[in-house]
Amino acid sequence: MSNETNPAVTMATPGYGERLGQAVSQMQYLSEDLRAFVVGLLEVLIHLPRAVLGDTISPHSHITRLIRQTTLPKVNQGSPVAIVTGANSGCGYETAKALMQAGYHVILACRSPEAARQAMDRLAIETDLDNMEFMALDLASLESVKQFCDQFQRRGLPLHLLVNNAGIMNTPYAQTSEGFESQFGVNHIGHFVLTMLLLDILKRSAPARIINVSSVAHLSATTVDTTRLEDVGRYSRLLNYSVGKLCNILFTKELSRRLQGTDVTVNACHPGPVGTGLYRYTLGMTRMKWLTDFLLLSPLQGALTTIYLALSPEVEQVSGEYFFDMAPHYPSPAALSEKEQKFLWNYTVEKLIPHIPLAADWK
Ligand SMILES: NC(=O)c1ccc[n+]([C@@H]2O[C@H](COP(=O)([O-])OP(=O)(O)OC[C@H]3O[C@@H](n4cnc5c(N)ncnc54)[C@H](OP(=O)(O)O)[C@@H]3O)[C@@H](O)[C@H]2O)c1
């Protein structure tokens, strides 16, 4: 589905994301780290009026409209099925809630059973529904990702929506169980393996949609700088997050090409600056939760683009695109580079060889 044939995407006009990208590329006099910080700061300032005053049309109204407009995939028995990673908090929680209300059976794929149980209690109270369940998934362990997929496959369920939402940001240096730098490992590698292991089920259940939650932070990464991923001395909390989020879009674009003709779409999105636990490693923001709640968008505002991509008939045929504020936008030139998309794919596959048996269509 190319931009030429896709009416939703040909409507994309350069907006603030593009202008932000251009502004950042001109800040050559700043270090890469400082540029990444400036992107975050500008992003917060741009959205401040929405955060403080709210939206003209409330997110609830959008969600009610999307639920009314959506056509649920047809299934022989039971409900259509959605998996949301990191559904116990923030944007993932709001996404899971809207999908339950739309009629999906939602699997909350979370690393903490206790956090998932608390989220499910809240979801039950807030929706009066019980079409959800918890399945354990730790994206920092490929063994856990494999177990999750094996267990899901044994259930014989279809899969119509995979929302790769979980993420970590600005964390101190750490490694996943397999030795990947943790922001890259959780935000990209874990989701790459999860998606690839579920791909046959998605294809069999088509029409199906995959959504990769990326970030405007990808603008700060001009390339997949593998030295940052492999050399602890080059690790930067901010830039390694940016690289991981660039990977989310590069993966989306390459996967979309590989999925042509399958009726499985894949799109990426940016939620906006949202007041969630994601900021726990940023400028002591946990201690200033009142400030992030005030200055940043609500988790519901942040989840809106993901929910739009999951439910809207407008994007039924759209694949390989990057959205925010429920509209298609141009990501950075690096994200649009086919060479970079293929480089990331090959690099990922090569790094996975020692850890996981790869099917032929992964290569
Ligand atoms: N908030 C923003 O301003 C913003 C901006 C741009 C993009 N995003 C993206 O939006 C997505 C959702 O983030 P959020 O803002 O809603 O933050 P959040 O509330 O912290 O949610 C992140 C979720 O990811 C889960 N997670 C972290 N590590 C995991 C792992 N190893 N395995 C499985 N799950 C794991 C967390 O689980 P625990 O609760 O157990 O930690 C949590 O449920 C992320 O991909 C983020 O990069 C957010």
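Residues 80-235 are 46% helix and 17% strand, with the C-alpha atoms at the two ends 42 Å apart; helices (H or I, at least four residues) and strands (E, at least two) are DSSP runs, numbered from the N terminus. An unreviewed UniProt entry annotates these residues as "domain: Ketoreductase"; UniProt positions follow the numbering used here, feature names are shortened, and annotations may be inferred rather than shown by experiment.

The model is predicted: local features need pLDDT of at least 70 and side-chain atom pairs pLDDT 80 or more, whereas totals for chains, interfaces and linings use all residues. Residues are numbered from 1 along each chain as its sequence is written. The protein chain has an average pLDDT (the predictor's confidence in each residue, from 0 to 100) of 92, and 94% of the residues score at least 70. Over residues 1-11, however, pLDDT stays under 50. Where pLDDT is low, the predicted coordinates should not be read in detail.

The ligand is surrounded by 30 residues, each with its C-beta atom, placed from the backbone, within 6 Å of the ligand. Gly-86, Gly-90, Ala-166, Gly-167 and Ser-215 are the closest. Helix α5 (residues 90-102) supplies the largest share of this shell, three residues.

The largest nonpolar core contains 103 residues. Such a core is a set of buried Ala, Val, Leu, Ile, Met, Phe, Trp, Tyr and Cys residues joined through C-beta atoms within 7 Å, where buried means 20 or more other C-beta atoms within 10 Å of the residue's own, all placed from the backbone. Among the members touching the most others are Ala-82, Val-84 and Leu-99.

Note on methods: Buried ≥ 20, exposed ≤ 12 C-beta atoms within 10 Å, placed from the backbone. Contact = placed C-beta atoms within 7 Å.
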